[in-house]
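The exercises below are meant to be worked with the sequence and the coordinates open side by side. Each task is followed by a solution that goes step by step.

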Amino acid sequence: MRKTRLDNVPISEARERLLAAASLVPDVEEVSVTRSTGWMTAEPVFARFSMPAYPAAAMDGIAVKAVLTERASSESPILLMEGRDFDYINTGDPLPANRDAVIMIEHVREREEGLAEVRTAIPPWKHVRQAGEDVAAGEMIIPARHRIRPVDIGAMLAGGRTQVKVLKKPRGAIIPTGSEMVTPGTLPKRGQIIEFNGAVFASYLEEWGAEAVNRGIVPDDPEAIRQAVLDSVADCDFVILNAGSSAGTRDYTYQVLSELGDVLLHGVAARPGKPVVLAVVKGKPVLGLPGYPVSAYHSLDWFARPLIQTWYGEREGEGRRLTVRLSRSISGKLGAEDFIRLGVIYKEGEFWAFPLQRGAGVTMSLVKADALLRIPSQESGWEAGERVEVEGLRSPSEIARTLWLAGEDDPLLDRLASLFQQQHPGWSLRRLSGNGDNRSGGDWHGLVGVADRMRETFDPAGGVFFRLVEREWGWLTMPENRGRIFGGKGIPKADLGLIRPAAGSGLDDGLDRKYREAEELLEGRLRREPTLLKAAAAVASGTADVAVGTRTAAHPFGLSFIPAGILPLDLWLPNATLKTEGGGRLLSTLRSRAFQQAAEELPGYSTRSTGEKLEQSNEGVVSWDNQNQ
Ligand SMILES: Nc1nc2c(c(=O)[nH]1)N[C@H]1C(S)=C(S)[C@@H](COP(=O)(O)OP(=O)(O)OC[C@H]3O[C@@H](n4cnc5c(N)ncnc54)[C@H](O)[C@@H]3O)O[C@H]1N2
Ligand code: MOO
């Protein structure tokens, strides 16, 4: 029963169907007040005792009977005698019998021993906290369906409560399925995938107030999946089955759920996250969510979060809204809601947003997203420059303290970013993945590349170049291929798969210059990967024979590195960045000893001119003694 045509139900309608079909009846339990933060009250909480339990002084001073001060004035002060007319008293002390007011010590002139002069009349109960002023016995401290906060704990304890009745957390079972799944920490063999959606789901469920029960990996076997679902509906309030929700030959979610219960729908009108199966089995909602991590995250948010909110009688909260301008046009698909992860950059008083990678399998696009854009199903998208409202995933002030670098890739830039954040708490440095040719977009505060090359391709007059590092570049290949990749002129043989550096990068330019006479051999070999480490990963995985890259990039994969030369890597900071606080901070990190050390710890870098301001073109081949050779 492989189902290949999916439904196209709008998310909001799918959610309504789910909530209407699911019977959610929360149980009640009692927890200790001191550990009740975050729980939802099941009943109103009433005070057993009054707080304070007795009339008490609100100020340090003397306790008196107010009527004695009736005639006091600065012209005719009155004299009071300790013991007979007043007693010394401190804040919080019980008011003695036959006293009804407190005069602050600042307003008392202490005469000789035991005598006090008072110059103003005070009314009864002045500076007295009445019994129950804070909480009176029988008064409601917090209502039912109230999420307990630390301040509520204080009031409950003061009111004599030590236990509180709360709604039990809903138990959500998580069933990760897939014969290819291995547990985290295992080195995945070919065909294996580390199972991590389960842990992501569990963490979100807990954040949203549920108890998560991760049942562990279940293989792609309908019988095993059926059993896991039956076990889960028996002792949990809802179930999440992941993945196998689409149309593959081993996608059993739909089949199993339609046999065990009622399928409400298979497929929502949204991207990513389309192949969702919603069902009810033995009265319990079961969510069959797609496997791609981004789709999994979104569909969890659409369906599991509202289930939990409904359990607690809460309404869907408004996300953090942020208005941004789009720095590029963004299109969506008519008839489906599109969800797009955005990077947001703050420049000259405005938040500018641009799309991050759209693939549903790119977990890092969620890790890196600053905001989420929803394109409604009847909207085809927006033009560059338009203002749109998005859901902020980081606060505007965090975004405003984030610098973005574009241009050439190098793993050292990750170290720079990490150090920057470490040295300047509250600040961060991000990188636009890609190459040197996105300088026209302006979605950045600084540009990485080779200064001489950048000077040729754009007018750098409005900024300053700084040397980041000098790096060794060359050819990366599997050690066993080392001896047989090169043909004539030192260029890999024409029938080998070659990965070139990103188009327009200094490294690609270096390749062209060095092998000028062998240009025709390089021509037409156009596979490129966005970063040096991704290129090295492709060689290590066997989809390419050789990549142009750096010694550092070869290192984590154990690839052989055959040096071709040394190239600088520079940073151009426009004056608009240099005059900002962030620009100054970035420069200080670039020039810090810690950054130099970080570079020196990696193979293939020289830091002899790191941090230097580059005054003019220093044409010519760079060379240095490489101790890592
Ligand atoms: N012919 C069609 N193929 C696909 C369709 C379609 O409509 N027709 N839909 C695509 C879409 S859209 C999505 S989303 C995926 C959903 O696939 P499944 O839900 O069936 O998931 P799997 O195929 O089992 O896995 C996909 C992918 O997800 C990763 N994954 C799965 N589980 C986990 C986990 N627990 N932890 C980490 N990662 C996980 C894994 O990389 C899988 O390769 O289907 C498309 N195909
Ligand atoms: O749901 Mo799939 O995630 O559209 O990629």
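## Exercise 1: A serine in a loop

S36 has a relative accessibility of 0% and counts as buried. This value, like every other one here, comes from a predicted model.

Task: locate S36 in the secondary structure, and find which backbone oxygen the side chain of S36 reaches.

Solution. Begin with the position: S36 sits in the loop between β1 (28–32) and β2. Next, follow the side chain, which reaches the backbone oxygen of V33 at 2.7 Å. Then list the contacts of S36 while leaving aside its neighbours within four places in sequence, which gives V31, I148, I153, M156 and V164. Finally, apply the cut-off: S36 is classed as buried because its 0% relative accessibility falls under 20%.

## Exercise 2: Domains along the chain

Task: write down the division of the protein chain into domains, and state how many Å separate the centres of domain 2 and domain 5.

Solution. Reading the assignment in order, domain 1 covers 11–25 + 170–312, domain 2 covers 28–52 + 133–167, domain 3 covers 56–129, domain 4 covers 321–398 and domain 5 covers 403–629. With the centres taken over C-alpha atoms, domain 2 and domain 5 are separated by 60 Å.

## Exercise 3: The two faces of a strand

Task: decide for strand β7 (residues 101–104) which residues lie on each side, and whether they are buried or exposed.

Solution. The starting point is that side chains in a regular strand alternate between the two faces of the sheet. In β7, A101 and I103 belong to one side and V102 and M104 to the other, and all of them are buried, which leaves both faces covered. For the pairing, strand β4 (residues 61–64) and β7 run in the antiparallel sense over four bridges, and within this pairing A63 has V102 as its bridge partner.

## Exercise 4: Surroundings of the two ligands

Task: identify the residues that surround ligand 2, and find which polar atoms lie at short range from each ligand.

Solution. Ligand 2 is surrounded by P272, G273, K274, P275, S295 and A360, a shell that by class holds three nonpolar, two polar and one charged residues. Turning to distances, a polar backbone atom of G273 is 2.4 Å from an oxygen atom of ligand 2, and a backbone N or O atom of K274 lies 2.7 Å from an oxygen atom of ligand 2.

Ligand 1 has 17 residues around it, of which E195, F196, S245, S246 and G291 come nearest. The side chain of S245 places an N or O atom 2.7 Å from an oxygen atom of ligand 1, while a polar backbone atom of Y292 is 3.2 Å from an oxygen atom of ligand 1. A nitrogen atom of ligand 1 is 3.5 Å from an N or O atom in the side chain of N242.

## Exercise 5: Backbone geometry to check

Task: find what kind of peptide bond joins R271 and P272, and what sign phi has in N98.

Solution. As background, most residues other than glycine have a negative phi, and most peptide bonds are trans. The bond joining R271 and P272 is cis, with omega about -10 degrees, and P272 lies in the loop between β19 (270–271) and β20 (277–281). The peptide bond from M51 to P52 is cis as well, with omega near -5 degrees, and P52 is found in the loop between β2 (45–46) and β3 (56–57).

For N98, phi is positive, near 55 degrees; N98 is found in the loop between β6 (86–89) and β7, and with 54% relative accessibility it counts as exposed. K282 also has a positive phi, near 50 degrees, in the loop between β20 and β21 (284–289), and K282 is exposed with a relative accessible area of 65%.

## Exercise 6: Two buried residues

Task: find which side chain joins that of E408 in a polar contact, and which residues A547 is in contact with.

Solution. E408, in the loop between β29 (402–407) and α9 (412–423), counts as buried at 5% relative accessibility, and a polar contact of 2.8 Å joins its side chain to that of R471. A547 is placed in strand β34 (residues 546–550) and is buried, with a relative accessible area of 0%. Leaving aside neighbours within four places in sequence, A547 is in contact with G474, W475, L476, I499, A535 and V539. The C-alpha atoms of A547 and L498 are 5.5 Å apart, although 49 residues separate the two in sequence.

How values were computed
Residues are numbered from 1 along each chain as its sequence is written. Chains are lettered from A and ligands numbered from 1 in the order in which they are written. This is a predicted model: local features need pLDDT of at least 70, side-chain atom pairs count only at pLDDT 80 or more; totals for chains, interfaces and linings use all residues. Side-chain values use heavy atoms; hydrogens and water are left out. Buried means under 20% relative accessible area, exposed over 50%, partly exposed in between (1.4 Å probe, protein chains only). Two strands pair if DSSP finds at least two bridges between them. A residue is near a molecule or strand if one of its heavy atoms lies within 4 Å of it. A polar contact is a pair of N or O atoms within 3.5 Å; within protein, one must be able to donate a hydrogen and the other to accept it, and residues adjacent in sequence count only if both atoms are side-chain atoms. Ala, Val, Leu, Ile, Met, Phe, Trp, Tyr, Cys and Pro count as nonpolar, Asp, Glu, Lys and Arg as charged, and the others, Gly among them, as polar. Domain bounds come from an automatic or database domain assignment. Contact means heavy atoms within 4.5 Å.
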